[in-house]
Amino acid sequence: MSAWEIIRDSTPQLLAACIAYTIPIAIVSFIIGLTIAVITALVKISPRGGLFNIVKAIFYFYVWLFRSTPLLVQLFIVFFGLPYLRIAGILPDGIRLTPIVAGIITFSLNTGAYASETIRGAILSIPDGQWEAAYSLGMTKRKVLWRIILPQASRVSLPPLSNEFIGLVKDTSLAASITIVEMFEVSQQIAAENYQPLIMYILVAAIYAVICSILTILQSYLEKRVSRYSVSN
């Protein structure tokens, strides 16, 4: 079988896996991760003290843990390790998750840890004068945050968060390690059948490159659209 025939026959299978698993896992994980990131960032910048410092410490530990360990190791702990977390009377069989659920949980927590620092930095980059001006108009702290600060912070954080999503799309290839039949896993299965791993891996790499290039173009478009409404303009 020629290289062209292998590419012709394999591409539909890879694209089907991409549509069925790779893209959905990336999107769902990013949405959940972004939610976690916003909550984490708000907790970390909160001036509240007392017992709330314990909550802060938990979130600081969470960010440190997921930023300090490899994503692949995290996937293995969640999928292969949690079933051995047996607690008599509570979790006699440990925590058993399906591959997709384990993957989404891990990708979401990992994304949330990294994105939280991006969002925290974006919020802190807004001048204090923005807060003071809003307070002078009688706005509550919650209204200032949601109507004034976060909209501006979202513009600041758009480029790095876009890069985070593009990176997440590529990281989904690690899901093959926990038996999720996403695009890279399918390429491995086909390579095992046709004994042409070089062609298959180059093909799947090319598909990832096309997807990420499209996302990069979309990112540039969004940045231009958002820049029209920047404060400096």
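Buried means under 20% relative accessible area, exposed means over 50%, and partly exposed lies in between, with a 1.4 Å probe and protein chains only. The views below come from a predicted model, in which local features need pLDDT of at least 70 and side-chain atom pairs count only at pLDDT 80 or more, while totals for chains, interfaces and linings use all residues. Residues are numbered from 1 along each chain as its sequence is written, and side-chain values use heavy atoms, leaving out hydrogens and water.

**View 1. An aromatic pair within helix α5.** Welcome to Trp-131 and Tyr-135, whose ring centres are 6.2 Å apart with planes at 45°, so the pair is tilted. Rings of Phe, Tyr and Trp (its six-membered ring) pair if their centres lie within 6.5 Å; planes under 30 degrees apart count as stacked, over 60 as edge-to-face and the rest as tilted. The two residues are 4 apart in helix α5, which means about one helical turn separates them. Helices here are DSSP runs (H or I, at least four residues), and strands are runs of E of at least two, numbered from the N terminus. Trp-131 counts as buried at 18% relative accessibility, whereas Tyr-135 is partly exposed at 37%.

**View 2. An aromatic pair between helices α7 and α8.** Phe-184 and Tyr-201 form a tilted pair, 5.8 Å from centre to centre and with 35° between the planes. Because Phe-184 lies in α7 and Tyr-201 in α8, this pair ties together parts that are 17 residues apart in sequence. Phe-184 is partly exposed, with a relative accessible area of 24%, and Tyr-201 is partly exposed too, at 34%. The whole structure holds 7 aromatic pairs.

**View 3. A cluster of Phe rings, and a ring with a charge over its face.** Phe-76, Phe-79 and Phe-80 form one aromatic cluster. Elsewhere to look for is Arg-48, which lies over the face of Phe-52 at 4.6 Å from the ring centre. A charge sits over a ring if NZ of Lys or CZ of Arg is within 6 Å of the ring centre and within 35 degrees of the ring normal.

**View 4. The largest nonpolar core, with 49 residues.** Such a core is a set of buried Ala, Val, Leu, Ile, Met, Phe, Trp, Tyr and Cys residues joined through side-chain atoms within 4.5 Å. Leu-14, Phe-107, Ile-149, Met-183, Met-200 and Ile-211 have the most contacts inside this core. Helices that each supply at least two of its residues include α1 (3–45), α4 (99–124) and α8 (197–227), but the largest share, 10 residues, comes from α6.

**View 5. Around Met-200.** Not counting residues up to four places away in sequence, Met-200 touches Ile-6, Ser-10, Leu-14, Ser-187, Ile-190, Ala-191 and Asn-194. Contact means heavy atoms within 4.5 Å.

**View 6. Thr-172 in the loop between α6 and α7.** Thr-172 counts as buried, at 1% relative accessibility. Leaving aside residues up to four places away in sequence, Thr-172 touches Thr-22, Ile-25, Ala-26, Phe-107, Glu-182 and Tyr-208.

**View 7. Two cysteines, Cys-18 and Cys-212, in no disulfide.** A search of the whole structure finds 0 disulfides (a disulfide is a pair of cysteine sulfur atoms within 2.5 Å). For Cys-18, the nearest cysteine sulfur is that of Cys-212, 9.7 Å away. Cys-18 counts as buried at 5% relative accessibility, and Cys-212 counts as buried at 10%.
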